[in-house]
Amino acid sequence: MDYDEASDTVVRLVNEALDAGLDDKERPEPLGFGSDPCTDDLVGPTTQVSPDFSYSFPYATLGIDSETFAENATETWRAKGMAITVLDSPRLFERFAVSDDGFRFSLTINEETDHISIGGSGPCVDPPE
């Protein structure tokens, strides 16, 4: 997989989950797109990078039910065959998804701080030239 394919996939899968959670409400502005350096088994840097993409926004102003948002967003990743980890607690929803091909996604909804964070990263790939 090359960088463009990995980054396009990250953006698409984050946006699909976000849109499912928003249930036809307008998508907020993303935090942005970037790349994180990859490391080897000894935690030393490699020449590869992992593309990442995320959003962070308050949810109460959008009239979103946090549990419904979490379930709908998580279901989009589950439908793609990803392994899902749910670490919910009262007033805090934490969901993680991992694909067999190295994509990782997370969703955190904190009702006490009125905050949603959703994003993902791709597998380690060679950076764009």
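1. In which helix is the place of Thr 76? In this predicted model, Thr 76 belongs to helix H2, which covers residues 66-79. The side chain of Thr 76 reaches back to the backbone oxygen of Ala 73, at a distance of 2.7 Å. When the neighbours within four places in sequence are left aside, Thr 76 is in contact with Glu 16, Ala 17 and Ala 20.

2. The length of H2 can be checked against expectation. With 14 residues at 1.5 Å a residue, H2 should span 20 Å, and its end C-alpha atoms are indeed 20 Å apart, so the two values agree. The buried residues of this helix are Ser 66, Phe 69, Ala 70, Ala 73, Thr 74, Thr 76 and Trp 77. Viewed down the axis of H2, these buried residues fall within an arc of 145°, and therefore they line one face of the helix. As a general point, an α-helix has 3.6 residues a turn, so residues three or four places apart point the same way.

3. The partners of that buried set come from several elements. The buried residues of H2 pack against helix H1 (3-22) and against strands S2 (45-57), S3 (83-86), S4 (92-98), S5 (104-110) and S6 (115-121). Just after H2, Gly 81 takes a positive phi of about 85°.

4. Leu 13 offers a view of the packing from another helix. Leu 13 is found in helix H1, and with a relative accessible area of 6%, under the 20% cut-off, Leu 13 is buried. Apart from its neighbours within four places in sequence, Leu 13 is in contact with Trp 77, Lys 80, Met 82 and Phe 105. By contrast with those contacts, a separation is also on record for Leu 13 and Ile 116, which lie 103 residues apart along the chain and whose C-alpha atoms are separated by 17 Å.

5. The strand pairing deserves a careful reading. Strand S1 (residues 32-39) runs antiparallel to S2 and is joined to S2 by seven bridges, and Gly 32 has Ser 54 of S2 as its bridge partner. S2 is also joined to S6, again in the antiparallel sense, by six bridges, with Tyr 55 having Ile 118 in S6 as its bridge partner. S3 and S4 pair in the antiparallel sense over four bridges, and the bridge partner of Ala 83 in S4 is Val 98.

6. Which residue takes a positive phi in the hairpin of S1 and S2? That residue is Val 43, with phi near 65°, in a hairpin that has five residues between the strands. The hairpin of S3 and S4 likewise has five residues between the strands, and there Arg 91 takes a positive phi near 65°. Arg 91 is other than glycine, and with a relative accessible area of 42% Arg 91 is partly exposed. Asp 114, found in the loop between S5 and S6, has a positive phi of about 55° although Asp 114 is not a glycine. At 25% relative accessibility, Asp 114 counts as partly exposed. For context, most residues other than glycine have a negative phi.

7. How many aromatic pairs does the count come to? The count comes to four aromatic pairs. One of them is formed by Tyr 3 and Phe 33, which are edge-to-face, at 6.4 Å centre to centre and with 80° between the planes. This pair links distant parts of the chain, since Tyr 3 lies in helix H1 and Phe 33 in strand S1, 30 residues apart. Tyr 3 counts as buried at 11% relative accessibility, whereas Phe 33, with a relative accessible area of 41%, is partly exposed.

8. The rings of Trp 77 and Phe 105 have their centres 5.4 Å apart and their planes at 25°, under the 30 degrees that stacking requires, so this pair is stacked. The pair links distant parts of the chain, with Trp 77 in helix H2 and Phe 105 in strand S5, 28 residues apart. Trp 77 counts as buried at 1% relative accessibility, and Phe 105 is buried with a relative accessible area of 3%. Trp 77 and Phe 105 also belong, together with Phe 103, to one aromatic cluster. Both Trp 77 and Phe 105 are among the contacts of Leu 13, which ties this point to the packing discussed for Leu 13 in helix H1.

Key
Residues numbered from 1 in each chain as written. Predicted model: local features only at pLDDT ≥ 70, side-chain atom pairs only at ≥ 80, totals over all residues. Heavy atoms only, no water. Helix = DSSP H or I, 4+ residues; strand = E, 2+ residues; numbered from the N terminus. Polar contact = N/O pair within 3.5 Å; in protein donor to acceptor, adjacent residues only side chain to side chain. Contact = heavy atoms within 4.5 Å. Expected span 1.5 Å × (residues − 1). Buried < 20%, exposed > 50% of the residue type's maximum accessible area, 1.4 Å probe, protein only. Arc of directions from axis to C-beta. Pairing = 2+ DSSP bridges. Phe/Tyr/Trp six-rings, centres within 6.5 Å; stacked < 30°, edge-to-face > 60°.
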